[in-house]
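This report goes through one protein structure, from a single helix to its cores and sheets. Please keep the sequence and the model open while reading.

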Amino acid sequence: MNPFQKNESKETLFSPVSIEEVPPRPPSPPKKPSPTICGSNYPLSIAFIVVNEFCERFSYYGMKAVLILYFLYFLHWNEDTSTSIYHAFSSLCYFTPILGAAIADSWLGKFNSLNRTIIYLSLVYVLGHVIKSLGALPILGGQVVHTVLSLIGLSLIALGTGGIKPCVAAFGGDQFEEKHAEERTRYFSVFYLSINAGSLISTFITPMLRGDVQCFGEDCYALAFGVPGLLMVIALVVFAMGSKIYNKPPPEGNIVAQVFKCIWFAISNRFKNRSGDIPKRQHWLDWAAEKYPKQLIMDVKALTRVLFLYIPLPMFWALLDQQGSRWTLQAIRMNRNLGFFVLQPDQMQVLNPLLVLIFIPLFDFVIYRLVSKCGINFSSLRKMAVGMILACLAFAVAAAVEIKINEMAPAQPGPQEVFLQVLNLADDEVKVTVVGNENNSLLIESIKSFQKTPHYSKLHLKTKSQDFHFHLKYHNLSLYTEHSVQEKNWYSLVIREDGNSISSMMVKDTESRTTNGMTTVRFVNTLHKDVNISLSTDTSLNVGEDYGVSAYRTVQRGEYPAVHCRTEDKNFSLNLGLLDFGAAYLFVITNNTNQGLQAWKIEDIPANKMSIAWQLPQYALVTAGEVMFSVTGLEFSYSQAPSSMKSVLQAAWLLTIAVGNIIVLVVAQFSGLVQWAEFILFSCLLLVICLIFSIMGYYYVPVKTEDMRGPADKHIPHIQGNMIKLETKKTKL
């Protein structure tokens with residue numbers, strides 16, 4: 001009888017055989033010496049890789065810099081939805097590296113070298129940019145088409161950037177021979193410098209392409225996305241040009257998959273053999289000894305110790321990655337005129353890579369050395385905790401700035417309230433009275449001709465919509481007029497001449513009541529002919545005759561000394577003066593006998609008063625926190641994990657960033673808090689997480705490099721005494 005038939009017994013002796021066997025490779029032909037740069041020990045191939053990385057990072061960060069404003073102003077999503085989709089995209093970009101590594105190792109890696117994997121995923125990347133740019137063309141379809149193309153493009157970009165992220169840096173390191181380890185270390189410094197350089201330049205240039213260039217009368221998002229797409233094409237071409245000189249190491253096994261399989265087998269094996277008769281083992285991962293090599297189990301043990309410390313880390317990334325979303329939305333409600341330069345709101349993000357380049361040498365060569373000379377043991381985990389505290393302070397400062405912005409912003413009407421201003425365009429003063437007990441004392445003084453009212457008056461309603469009766473006294477005339485209003489809106493009661501008498505019209509101002517930092521204008525035409533107004537080469541509007549009121553138009557901030565206007569028989573120009581950030585203006589076109597055609601200017605909404613320079617402290621704090629947290633965290637993690645687990649560790653580190661973006665997405669969608677309160681919430685959450693992380697770090701015992709490989713006798717033997725009772729249903733002999 002065959003002793004290995006399944007129905008004989010479930011009790012089976014184990015044999016120390018690994019299923020992760022790799023067939024022997026044929027001997028490699030002798031390598032030809034790779035060309036070098038100027039006779040040095042640096043392979044020429046790394047020049048192509050560094051240029052590729054610069055262009056790719058320019059492409060990614062340049063596109064991402066304008067993304068939140070694209071959602072807000074082009075796709076017309078609200079701030080919460082825009083923030084959620086922005087962080088969903090960011091999260092996907094950090095989930096896909098795991099997928100990219102699996103594709104490279106398990107699928108493409110079986111048939112192609114790593115450089116071809118990078119090329120294939122770069123083609124997906126380029127396709128995503130093309131589709132994203134097409135979705136930003138106003139003439140291509142409607143809102144649904146733009147949204148669908150944008151989401152498809154972003155998904156492909158996330159797959160492309162995430163897929164090549166774990167490949168490019170490692171591929172560059174593979175170009176060096178082992179005897180040139182010092183040159184390899186310097187290469188990685190240049191590599192990460194190219195990342196920050198690409199980010200720095202792109203976050204400065206692409207907002208200018210968006211805001212300073214007009215496409216079809218609007219901000220040119222298609223150009224702002226197209227240029228990063230072109231840089232990605234250049235990145236692909238440059239990388240492909242070096243294909244013939246690359247050192248192409250053969251693909252290795254998927255270590256990420258091996259780690260997951262080892263952990264899963266240990267858990268399932270322990271669950272199957274939970275009987276009290278079976279002896280305990282020193283570590284729960286020792287239950288994988290029947291199937292996996294001893295060294296792999298030891299390496300996974302060291303890995304899990306580090307991964308346990310990763311549990312609190314996503315909250316830090318939840319704060320750090322809001323620079324491109326919530327902080328950019330805050331910037332659009334601030335005055336961006338610095339005197340010597342006018343910033344776009346999304347250009348403020350350039351501070352992060354700029355300060356990173358400044359802070360890294362400052363911390364390494366100055367601050368850390370001063371702390372060490374003071375006798376303070378500033379360990380890696382303590383640096384990371386301080387980095388968390390700095391991020392907490394950054395969001396506390398952001399909350400204070402947000403509160404100050406709200407204080408300077410115009411008040412908002414509440415339920416059963418409306419705001420009303422009276423514009424007297426008649427040739428003499430008019431006395432306006434609201435008929436009713438609650439509001440009859442609001443407009444006490446007479447309103448002079450073309451008088452600029454200092455503020456809106458608040459009227460109280462009895463229901464959500466109501467008819468208001470107004471009493472107008474003009475010269476010896478007494479008139480009554482009626483207008484309907486709805487709650488939570490702004491209105492302008494325009495008094496106009498009507499022969500020898502006057503009349504009134506109620507104009508709804510709802511469209512102008514924005515706090516998004518845009519500059520808007522509208523016109524009232526008192527002439528007896530239609531007027532066409534050219535605000536720019538791509539923006540014009542037509543205002544009807546006899547007190548016609550135009551719609552609101554968004555314009556660029558700046559001086560408008562001579563705006564071209566024309567009627568059917570005359571051309572003229574109007575001086576609109578300075579149109580500042582966040583302001584809403586009303587211009588009344590009049591024909592003054594002495595001065596000719598003029599525009600009477602009223603500032604419905606005052607311009608943003610708070611300078612964008614007040615964001616500098618929060619950017620400085622959060623970037624200092626990033627340098628202490630991120631750089632130190634990677635260094636600590638790599639020192640604590642065995643060499644075979646470096647790729648797994650990188651994937652886990654990127655995974656914490658992805659989870660952090662998901663946290664922002666959830667809070668943005670479901671918190672329902674005002675913005676300053678949301679900033680305080682994030683600050684407090686990270687403070688709590690910092691406390692937990694500090695406790696975890698206090699009890700963590702760092703592992704020395706020489707301790708990562710223990711003697712063989714420390715491993716659990718595969719077969720010992722009463723281990724014969726282990727129950728396993730699938731056994732490979």
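What should the 18 residues of helix α8 span at 1.5 Å a residue, and how far apart are the end C-alpha atoms of this helix?

## Helix α8

The model is a predicted one, and helix α8, which covers residues 255-272, offers a simple check of its geometry. At 1.5 Å a residue the 18 residues of this helix should span 26 Å, and because its end C-alpha atoms are 26 Å apart, the expectation and the model agree.

Several residues of α8 are buried, including I255, V256, V259, C262, I263, F265 and A266. Polar residues of the helix are also on the buried list, among them Q258, S268 and N269. An α-helix has 3.6 residues a turn, so residues three or four places apart point the same way.

## The chain as a whole

The protein chain has 733 residues, of which 50% are buried, and its secondary structure comes to 16 helices and 20 strands. Among the contacts with a separation of 6 or more, 71% are made between residues that lie 24 or more positions apart in the chain.

## Nonpolar cores

In soluble globular proteins, nonpolar side chains tend to be buried together. In this model the largest nonpolar core contains 131 residues, and L67, Y70, F89 and L686 are those with the most contacts inside it. The element that gives the most to this core is helix α13, spanning residues 380-408, with 13 residues.

When neighbours within four places in sequence are left aside, L686 is in contact with M315, F316, L319, M388, A391 and C392. Another core lies apart from the largest one and has 23 residues, with C565, F572, I589 and L597 among them.

## The mixed sheet

Which strands make up the open sheet with mixed pairing, and in what order do they stand? There are four of them, in the order β5-β3-β8-β9, with β5 (457-460) and β9 (501-508) as the edge strands, each of which pairs on one side only. From one strand to the next, the twist averages 30°. Strands of a sheet pair through backbone hydrogen bonds, either parallel or antiparallel.

Strand β3, residues 417-424, pairs with β5 in the antiparallel sense over four bridges, and within that pairing E417 has H460 of β5 as its bridge partner. β3 and β8 run parallel and are joined by seven bridges, one pair of bridge partners being V418 and N489 of β8. Strand β8, residues 489-498, is mostly covered, with seven of its ten residues buried. Eight bridges join β8 to β9 in an antiparallel arrangement, where V494 has M505 of β9 as its bridge partner. These two strands form a hairpin with two residues between them, and G499 in the turn has a positive phi of about 70°.

## The antiparallel sheet

A further open sheet has four strands in the order β12-β11-β16-β17, with antiparallel pairing. Its edges are formed by β12 (540-543) and β17 (571-574), and because each has a single partner strand, one side of each is left without a neighbour in the sheet. With direction ignored, neighbouring strands of this sheet are turned by 25° against each other on average.

Strand β11, residues 531-534, is joined to β12 by four bridges, and the two strands run antiparallel. Within this pairing, the bridge partner of N532 is N542 in β12.

## Two individual residues

Is N608 buried or exposed? N608 lies in the loop between β20 (596-605) and α14 (616-640), and its relative accessible area of 13% counts as buried because the cut-off for that class is under 20%. The side chain of N608 reaches the backbone oxygen of M334 at 3.4 Å.

L223, which lies in helix α7 (residues 221-241), has a relative accessibility of 30% and therefore counts as partly exposed. Leaving aside neighbours within four places in sequence, L223 is in contact with L209, V213 and P228. L209 is 14 residues away from L223 along the chain, yet the C-alpha atoms of the two are separated by 6.5 Å.

How values were computed:
Residues numbered from 1 in each chain as written. Predicted model: local features only at pLDDT ≥ 70, side-chain atom pairs only at ≥ 80, totals over all residues. Heavy atoms only, no water. Core = buried A, V, L, I, M, F, W, Y, C linked by side-chain atoms within 4.5 Å. Buried < 20%, exposed > 50% of the residue type's maximum accessible area, 1.4 Å probe, protein only. Contact = heavy atoms within 4.5 Å. Pairing = 2+ DSSP bridges. Axes fitted to C-alpha atoms, helices over the stretch in contact; angles between N-to-C directions. Polar contact = N/O pair within 3.5 Å; in protein donor to acceptor, adjacent residues only side chain to side chain. Expected span 1.5 Å × (residues − 1).
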